[in-house]
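Welcome! Take a moment to look over the model below, and then we can walk through it together.

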Amino acid sequence: MNGKYNASKLALSFVKDEMTIGIGSGSTVEVFLNLLGDRIKNEGLRIYGIPSSYQAMIAGAKNGIIITDLLDKEPDLCIDGADQVDSRLNCIKGGGAALTREKILAFASKKVIILVDETKLVEKLSMPVPVEVLPFAYGYVMKRLSSICKPNLREGKGKVGPIITDNGNFILDCDFGIVENPEGVDKELKVISGIVENGIFSSKLISAVIVGNNSSAKLLKH
Ligand code: 5RP
């Protein structure tokens, strides 16, 4: 079995009947949802889910999760993946362009558990930080970002031009080199008008990270 499967299997033990789950996006979350779907079917559980993307909504519904929203429920637990996790459990997310709703769900949830395979672990964050930008503000935001990092408009696959997020926005992948101070970068990005959200998830938001490899999974906490 692979790391995503083993991490997801361990995460299942945190799910109890009648819980509301914030559902992150990506292939690891999809593995988790398929396993949770088996539990829902076999044990007759009622699980509510608030999805962070159309992908999460469709995969959640397919697996018997009752899809709801933040007006109706407060998530007990948010389950999500990540693109990089550093030694202090800060993360970069947004490889699937769902970072804005994922971050809202992380803030709104009582507990946040990130599932990764061991290839995502790094000493320091270093991949480009995904930044969601209002198309109207693109020119202005590019100018502002160019003085602090190397921004690159994410292109679509199966579509010409930029990818459009589920919120109707662009994604700029912003290369800061090694991110020595993730919270500092998060703050710098937050004050630029036209930026909706960015993919730095401070360790303060995260309750635990489950790291899977080919044979097992372990829980990391700070
Ligand atoms: C989507 C995300 C995903 O959680 C992240 O990209 C990891 O995806 P995967 O589980 O497919 O490796 O942040 O916006």
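Which residues come nearest to the ligand? This is a predicted model, and in it S27, T28, D83, K93 and K120 come nearest, out of 17 residues around the ligand.

**Around the ligand**

Sorted by class, the shell around the ligand holds eight polar, five charged and four nonpolar residues. Two helices are worth finding here: α2 (27-43) and α4 each provide at least two residues of that shell.

Some polar contacts to oxygen atoms of the ligand are set out in this small table.

| Residue | Part of the residue | Distance to an oxygen atom of the ligand |
|---|---|---|
| S27 | N or O atom in the side chain | 2.5 Å |
| G95 | polar backbone atom | 3.4 Å |
| D80 | polar side-chain atom | 3.5 Å |

On its own, the ligand has 380 Å² of accessible area, and the protein covers 90% of that area. S27 thus turns up twice in this tour: among the residues that come nearest to the ligand, and in the table with its side chain 2.5 Å from a ligand oxygen.

**The largest pocket**

Next, let us turn to the largest pocket, which encloses about 230 Å³ of space. Its lining is made up of 18 residues, and those closest to the pocket centre are S53, G96, A97, A98 and D166.

Where does the lining come from? Domain 1 (2-122 + 202-220) and domain 2 (129-198) each contribute at least three residues to the lining of the largest pocket. Among the helices, α3 (54-62) and α4 (99-108) each supply at least two lining residues. The most comes from α4, which gives three residues.

By class, nine of the residues lining the largest pocket are polar, six are nonpolar and three are charged. Helix α4 is a handy landmark, as α4 supplies residues to the ligand shell and also to the pocket lining.

Technical notes. Residues are numbered from 1 along each chain as its sequence is written. This is a predicted model: local features need pLDDT of at least 70, side-chain atom pairs count only at pLDDT 80 or more; totals for chains, interfaces and linings use all residues. Side-chain values use heavy atoms; hydrogens and water are left out. On a 1 Å grid over the protein atoms alone, a cavity is a set of points where a 1.4 Å probe fits but cannot get out, and a pocket is an open set with protein on both sides within 12 Å along at least five of seven lines; lining residues have an atom within 4 Å of a point. Grid points are joined across faces, edges and corners, and a volume is the space filled by probe spheres set on the points. Helices (H or I, at least four residues) and strands (E, at least two) are DSSP runs, numbered from the N terminus. Ala, Val, Leu, Ile, Met, Phe, Trp, Tyr, Cys and Pro count as nonpolar, Asp, Glu, Lys and Arg as charged, and the others, Gly among them, as polar. Domain bounds come from an automatic or database domain assignment. A residue is near a molecule or strand if one of its heavy atoms lies within 4 Å of it. A polar contact is a pair of N or O atoms within 3.5 Å; within protein, one must be able to donate a hydrogen and the other to accept it, and residues adjacent in sequence count only if both atoms are side-chain atoms. Accessible areas come from the Shrake-Rupley method with a 1.4 Å probe; for residues, only the protein chains shown count as cover.
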